[in-house]
Amino acid sequence: MNIQVYQSFLTVVQCRSFTQAARFLNFTQPTISNHITALEEEYGVTLFARDGKNVYLTQAGKSFVPMAQQILEDYQKSRDNMRQFQKKNYSLKIGVSTQGINFYLLPVLLRLKQKFPELEIEVNRCMTVESTLDDAFCKKLYDFAFVHIDVQPLYTRRVQLWNQPMVWVAARELYESRGCDNDIYNYPFVGYPASEVYYKHLQSKIDFSRLKHFLTFSDSESVLMAVQQNLGIALTPRVKVEKELANGSLVEFPDCYSGNMPISVLYDYELDFTLPCKHFLTLLKESQEKIRD
């Protein structure tokens, strides 16, 4: 039975008129008549006695009034209660300061999507750490900002997640043509702009002024392409070249030149913590513990 028929019944009781009830509910008069007829057929009783334009409740009708009121009240309570379980159009927007972060982030997002299939997730690669932070906390474009440097703006929370291994690599052909020389200072160097934070974590190990700068690119894909074409060596996150190291097309230089780059996630103190946001942070912390183990 359509819940509207109970509302129509109670409105007729209040207005004492089918016509007035129809106007009040923005229905036609025949629609109201059909609703009352449906109720009378459902319960097998007559609810109203009609005397010309006048409408009177029968004994059955009078008895039915509190029942109809209770039905409508219970219906509204059920709707209010069920709203907390309704699917909401949640979204999650993420800014990352380097593409290497995605190697750690993607498995987490896969698990998050399995938990919240309707969740809309958007990940944007920003050009610098500065632009990542500006977009996240000044322009409010992202819910979470992932950065590869130790930094924390005011009014943000920061969770350090992963230490990303950084390695020096060369194409095997170039490496062997140099007699398998393990001294990085004897190779042409393909790098990033001088401000690139990749280098800040290795300044205690590497004298960058001694490197033979050959080419500079602003993106890691171009740097690795140059390395693969024997143009020089480069510093790169290990996760980006694991496949090439495994198949032998690239060679990794000794650990004395390597180091770790910390990756952190930052979010605003006043972030609206939806269920997906809370679960996302839980998954990130689980990922952090798994990698440490």
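This report walks through one helix pair and the salt bridges of a predicted model.

## Where α2 meets α3

Let's start with helix α2 (residues 18-25) and helix α3 (residues 29-43), whose axes come within 8 Å and cross at roughly 105 degrees. Angles of 65 to 115 count as roughly perpendicular, so that is how α2 and α3 sit relative to each other.

On the α2 side, the contact uses F18, T19, A21, A22 and L25, while α3 brings Q29, I32, S33 and I36. Sort those contact residues by character and you get six nonpolar, three polar and no charged.

## A long-range salt bridge

Moving on to charges: the count comes to seven salt bridges. One of them pairs D268 with K140, with the closest N and O atoms 2.9 Å apart. This pair links distant parts of the chain, 128 residues apart: D268 is in strand β11 (residues 259-268), and K140 is in the loop between α6 (129-137) and β5 (144-147).

The two partners have contrasting surroundings. D268 is buried at 16% relative accessible area, whereas K140 is exposed at 53%.

## Shorter-range pairs and a network

R172 and E176 also form a salt bridge, at 3.4 Å between the closest N and O atoms. Both lie in helix α7 (residues 172-177), four residues apart, or about one turn of the helix. R172 is partly exposed at 34%, and so is E176 at 44%.

E252 bridges to R238 with a closest N and O separation of 2.9 Å. E252 belongs to strand β10 (residues 250-252) and R238 to the loop between β9 (234-237) and α9 (242-247), so the bridge ties together parts 14 residues apart in sequence. Finally, D134, D135 and K139 are joined into one network by salt bridges that share partners.

Methods
Residues numbered from 1 in each chain as written. Predicted model: local features only at pLDDT ≥ 70, side-chain atom pairs only at ≥ 80, totals over all residues. Heavy atoms only, no water. Axes fitted to C-alpha atoms, helices over the stretch in contact; angles between N-to-C directions. Helix = DSSP H or I, 4+ residues; strand = E, 2+ residues; numbered from the N terminus. Parallel < 35°, antiparallel > 145°, perpendicular 65-115°, else oblique. Contact = heavy atoms within 4.5 Å. Nonpolar A, V, L, I, M, F, W, Y, C, P; charged D, E, K, R; others polar. Salt bridge = Lys/Arg side-chain N within 4 Å of Asp/Glu carboxyl O. Buried < 20%, exposed > 50% of the residue type's maximum accessible area, 1.4 Å probe, protein only.
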